[in-house]
Amino acid sequence: MCKFILFTLSFVVICTSVAQGFTPKECYECFTHASWEDCVNKTIVQDCGLGDDMCIKGKMTFTKNSRADQIFFKTCANENECTTYEKDGAQAPTCLDKKRQGYSVDCFVTCCEDDLCNSAVHGQVVSVLLLLLPCAQAAFHE
Ligand SMILES: *[C@@H]1O[C@H](CO)[C@@H](O)[C@H](O)[C@H]1NC(C)=O
């Protein structure tokens, strides 16, 4: 039983990594001024366009005259742009704009490569581990 699960699992992993080379990437997409919770509530799955080969997730804060505005977002992104903004969030176009308008900006983005990797929680990893746990136990008792 466990050998079957392990076999199926490795088959699925291999197939999805091969298929990823041919299908458009999928990323979570949301945008809000409110909070991460609100962003998650509004999340859709987006098929990324050609050249958008990463998923991005970010939070930007703009402050002027002690009034703050925030943006929480997730979407598809171009790899070069995303890794540039990941190193220095202030390079992101929205942040550059706000800076020019005299706001102080605080911008952070993270990038990742797998389908739907820009989620808030690491649910996939946990569910795989839960699936493997009984297998590990069975292996000990064999
Ligand atoms: C998100 O959705 C849940 C369930 O519908 C709701 O209870 C919660 O208030 C929502 N949160 C926000 C920030 O809109």
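**Exercise 1.** Determine which pattern of helices and strands the chain of this predicted model follows along the sequence.

*Solution.* Begin with the inventory: the secondary structure of the chain comes to 5 helices and 5 strands. Then read these elements along the sequence, which gives the pattern α-β-α-β-β-β-α-α-β-α. As for burial, 18% of the 142 residues of the chain count as buried. Turning to the contacts with a separation of 6 or more, 63% of them are accounted for by residues 24 or more positions apart.

**Exercise 2.** Locate Thr-43 in the chain, and decide whether Thr-43 counts as buried, partly exposed or exposed.

*Solution.* Thr-43 belongs to the loop that runs between helix H2 (36-41) and strand E2 (44-47). Next, count its neighbours: because 17 C-beta neighbours lie inside 10 Å, Thr-43 counts as partly exposed, given that a residue is buried at 20 or more and exposed at 12 or fewer. Finally, leaving aside residues up to four places away in sequence, Thr-43 touches Tyr-28, Glu-29, Cys-30 and Lys-74; for Glu-29, which is 14 residues apart from Thr-43 along the chain, the C-alpha separation is 5.4 Å.

**Exercise 3.** List the residues around the ligand and sort this shell by class.

*Solution.* Ser-35, Glu-37, Asp-38 and Asn-41 are the residues around the ligand. Sorted by class, the shell has 2 polar and 2 charged residues, and no nonpolar ones.

**Exercise 4.** State the mean pLDDT of the chain and examine residues 122-132.

*Solution.* The mean pLDDT is 82, with 68% of the residues reaching 70 or more. Over residues 122-132, however, the pLDDT is below 50, and this stretch has 1 contact in the model beyond near neighbours in sequence.

Terms used. Residues numbered from 1 in each chain as written. Predicted model: local features only at pLDDT ≥ 70, side-chain atom pairs only at ≥ 80, totals over all residues. Helix = DSSP H or I, 4+ residues; strand = E, 2+ residues; numbered from the N terminus. Contact = placed C-beta atoms within 7 Å. Near = placed C-beta within 6 Å. Nonpolar A, V, L, I, M, F, W, Y, C, P; charged D, E, K, R; others polar. pLDDT = per-residue confidence, 0-100.
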